[in-house]
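Here is a short walk through one model. Keep the sequence and the coordinates in view as you read.

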Amino acid sequence: MRRYMLVSGKTRVRKLAGAVAGFLRERGEVRLRAIGSAAVMRAVAASAVARGFLASEGREVVAVPVFFPLENSDGTRRSGIELKLAVR
């Protein structure tokens, strides 16, 4: 089982925000992984929208961005962004 949600440049922000809010309600934390500028922008936007959803319930969401390593099929190395979200 994957321990993160993979975000693409075509991910629908409000749909992802709802899923993030649901995971945060149930588990207290969730991780979003994004590769590329469009995907990172959508992950950040969804985090902000989810924060708004949970703020109305009196919950505060914190995010910690970290890089994660990737290796392409041709052996080249890249990195992506992982947002670790948690309810405080």
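The paragraphs below take the strands, the helices and the largest pocket in turn.

This is a predicted model. Begin with the strand pair S3 and S4. Strand S3 covers residues 61-71, and strand S4 covers residues 77-87. The two run antiparallel and are joined by 11 bridges. To fix the register, take Ala63: its bridge partner in S4 is Leu85. S3 and S4 form a hairpin, with 5 residues between them. Within the turn, Gly75 has a positive phi of about 95°.

Now go to the other strand pair. Strand S1 (5-7) and strand S2 (29-34) run parallel and are joined by 3 bridges. Met5 has Leu32 of S2 as its bridge partner. In a regular strand, side chains alternate between the two faces of the sheet. S2 shows two such faces. Val30, Leu32 and Ala34 make up its covered face. Glu29, Arg31 and Arg33 make up the uncovered one.

Helix H1 comes next. It spans residues 13-27, 15 residues in total. From first C-alpha to last it reaches 21 Å, close to the 21 Å expected at 1.5 Å a residue. Which residues of H1 are buried? They are Leu16, Ala17, Val20, Ala21 and Leu24. Seen down the axis of H1, these buried residues fall within an arc of 140°, so they line one face of the helix. The spacing has a general basis. An α-helix has 3.6 residues a turn, so residues three or four places apart point the same way. On the other side of H1, Lys15 and Glu26 are exposed. What covers the buried residues of H1? The cover includes S1, S2, helix H2, S3 and S4. After H1 comes Gly28, with a positive phi near 85°.

Helix H2 (37-55) can be read in the same manner. H2 has 19 residues. Its reach from first C-alpha to last is 27 Å, close to the 27 Å expected at 1.5 Å a residue. Ala39, Ala43, Ala46, Ser47, Ala50 and Leu54 are its buried residues. Down the axis of H2 they fall within an arc of 105°, so they too line one face of their helix. They pack against S1, H1, S2, S3 and S4.

Look more closely at one residue of H2, Ala46. Is Ala46 buried or exposed? Its relative accessible area is 0%, and buried means under 20%, so Ala46 is buried. What does Ala46 touch, leaving aside its neighbours within four places in sequence? Its contacts are Val13, Leu16 and Ala17. Leu16 and Ala17 are also among the buried residues of H1. For a distance check, take Ala46 and Val62. They are 16 residues apart in sequence and 13 Å apart in space, C-alpha to C-alpha.

Last comes open space. Rolling a probe the size of a water molecule over the atoms shows where empty space is left. The largest pocket has a volume of about 250 Å³. Of the 10 residues that line the largest pocket, Arg2, Arg3, Tyr4, Phe23 and Arg27 are the closest to its centre. H1 and S2 are the elements that give two or more residues to this lining. Which element gives the largest share? That is S2, with 3 residues.

Notes: Residues numbered from 1 in each chain as written. Predicted model: local features only at pLDDT ≥ 70, side-chain atom pairs only at ≥ 80, totals over all residues. Heavy atoms only, no water. Pairing = 2+ DSSP bridges. Helix = DSSP H or I, 4+ residues; strand = E, 2+ residues; numbered from the N terminus. Expected span 1.5 Å × (residues − 1). Buried < 20%, exposed > 50% of the residue type's maximum accessible area, 1.4 Å probe, protein only. Arc of directions from axis to C-beta. Contact = heavy atoms within 4.5 Å. 1 Å grid on protein atoms, 1.4 Å probe; cavity = no way out; pocket = protein on both sides within 12 Å on 5 of 7 lines; lining within 4 Å. Points joined across faces, edges and corners; volume = space filled by probe spheres on them.
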